[in-house]
There are 2 protein chains.
Amino acid sequence: MTQCDEMVRTVHPTRTRAGGRRLDPSRDAAIAAAVLEVLGRNGYAGLTMDAVALAAGVGKATIYRRWSSKAELLLSVVDVVGAPVLEVPDTGGLRGDLVTLLSEVVELFGGPSGRALRSLFGAVVDDPVLQEGCRRLPLADWDAVWEAVLARAVERGEVPPGAGESVAPEVGPAVLGLRWLVTGRPLDGAVVTELVDRVVLPLLRRR
Amino acid sequence: MTQCDEMVRTVHPTRTRAGGRRLDPSRDAAIAAAVLEVLGRNGYAGLTMDAVALAAGVGKATIYRRWSSKAELLLSVVDVVGAPVLEVPDTGGLRGDLVTLLSEVVELFGGPSGRALRSLFGAVVDDPVLQEGCRRLPLADWDAVWEAVLARAVERGEVPPGAGESVAPEVGPAVLGLRWLVTGRPLDGAVVTELVDRVVLPLLRRR
């Protein structure tokens with residue numbers, strides 16, 4: 001289960017989706033960890049309720065009692081692991097905050113959870129239900145982190161108000177995601193600083 | 001089969017992958033069209049040899065004689081549809097070329113083949129074999145189109161030599177791809193011109 005440790009550390013099992021069931025702190029964390037483990041090993045096609053039950057050390061009935069389908073199960077996991085991984089950096093300056101934030105994205109993509117995340121992503125883009133679930137939580141949380149960083153920069157007078165109304169929040173995750181998912185180009189400090197210094201900061205300052 | 005028309009128009013069935021078999025011009029185009037149709041309707045999980053055979057109007061044995069697995073079949077389709085969709089624009093200026101090129105990407109993502117492309121993408125990111133296949137062809141072709149556009153801009157003196165050695169080629173497809181696959185934000189002329197005028201052109205000119 002080492003592959004999942006990084007994500008499991010960040011699982012907040014008491015979190016609920018709007019209108020959804022409250023997650024059981026002890027058992028659901030084990031199930032979420034098992035989902036990630038199986039996903040990383042077998043991909044979405046190989047994510048079966050049997051394999052999850054085995055990896056979580058619970059009966060299959062326990063899983064079926066809460067989640068009626070693979071998609072529903074995965075959606076709960078998306079909820080609990082998607083967001084809390086990114087923390088709001090506060091280095092005292094916009095450039096430092098942006099470098100920290102994009103470095104967290106690199107770490108997430110390239111870290112031990114990368115394989116599971118990749119399978120999750122593959123399943124999400126091809127499934128409208130999962131997609132809707134992703135839009136609600138992890139993406140809304142990215143936006144919240146970004147806005148917190150930007151609001152402080154506006155307060156410090158580093159960028160003008162309204163600076164964020166552009167593609168600036170999208171460029172970093174987009175380029176890093178394209179490298180990670182498709183092209184396999186380096187995910188390192190060099191691309192982070194190039195993105196921050198040559199794309200994002202100029203975009204924010206030029207308004 | 002209307003959903004596939006746009007891609008099928010661009011299928012070049014005589015194209016071969018390095019070391020691979022030559023594709024049969026008549027029948028393989030029908031099979032490629034069938035793969036896209038089934039993919040758009042059922043997703044990768046629902047892409048079965050039976051469904052492809054039925055949609056293509058050929059026996060299943062015909063398909064199995066050439067492709068031993070679903071992944072191999074899909075890889076042939078990636079080869080024939082991935083690349084020729086993008087044409088090298090030549091508007092006489094770098095800005096016009098870039099707007100045309102990114103508009104082609106928008107059209108491809110948002111067009112009738114979008115659903116099939118999305119399933120294809122979902123399958124590709126979760127499968128190392130498909131991924132390797134994608135890196136060889138469609139991506140190499142994107143690079144070739146980009147380099148042709150940039151080389152002419154260098155010749156015209158619009159940008160300095162070496163301008164392309166940055167994230168500039170990646171930003172457009174990355175942001176458009178993120179909107180298309182994940183966030184659902186608008187894929188329109190506004191995002192294309194913002195990317196060209198505020199990100200890509202400044203990146204290329206600032207060297």
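**Close-up views of a two-chain predicted model**

**View 1. The second largest pocket.** About 400 Å³ of space lies in this pocket, the second largest. A pocket here is an open set of points on a 1 Å grid over the protein atoms alone, where a 1.4 Å probe fits, with protein on both sides within 12 Å along at least five of seven lines; its volume is the space filled by probe spheres set on the points. Lining residues, those with an atom within 4 Å of a point, number 18, and Tyr44(A), Ala45(A), Asp126(A), Tyr44(B) and Ala45(B) come closest to the centre. This is a predicted model, in which local features need pLDDT of at least 70, side-chain atom pairs count only at pLDDT 80 or more, and totals for linings use all residues. Residues are numbered from 1 along each chain, and chains are lettered from A in the order written.

**View 2. The pocket lining.** Helix H7 (114–125) of chain A and helix H7 (114–125) of chain B each give the lining at least two residues; helices are DSSP runs of H or I, at least four residues long, numbered from the N terminus. The lining of the second largest pocket holds six nonpolar, six polar and six charged residues, with Tyr and Ala counted as nonpolar, Asp as charged and Gly as polar.

**View 3. The axis between the copies.** A turn of 180 degrees with a shift of 0.0 Å along the axis lays chain B on chain A with an RMSD of 0.0 Å, by least squares on C-alpha atoms of residues with pLDDT of at least 70 in both. The copies are thus related as by a two-fold rotation axis. In chain B, Gly122(B) has the C-alpha nearest the axis, 2.0 Å from it.

Note on methods
Side-chain values use heavy atoms; hydrogens and water are left out.
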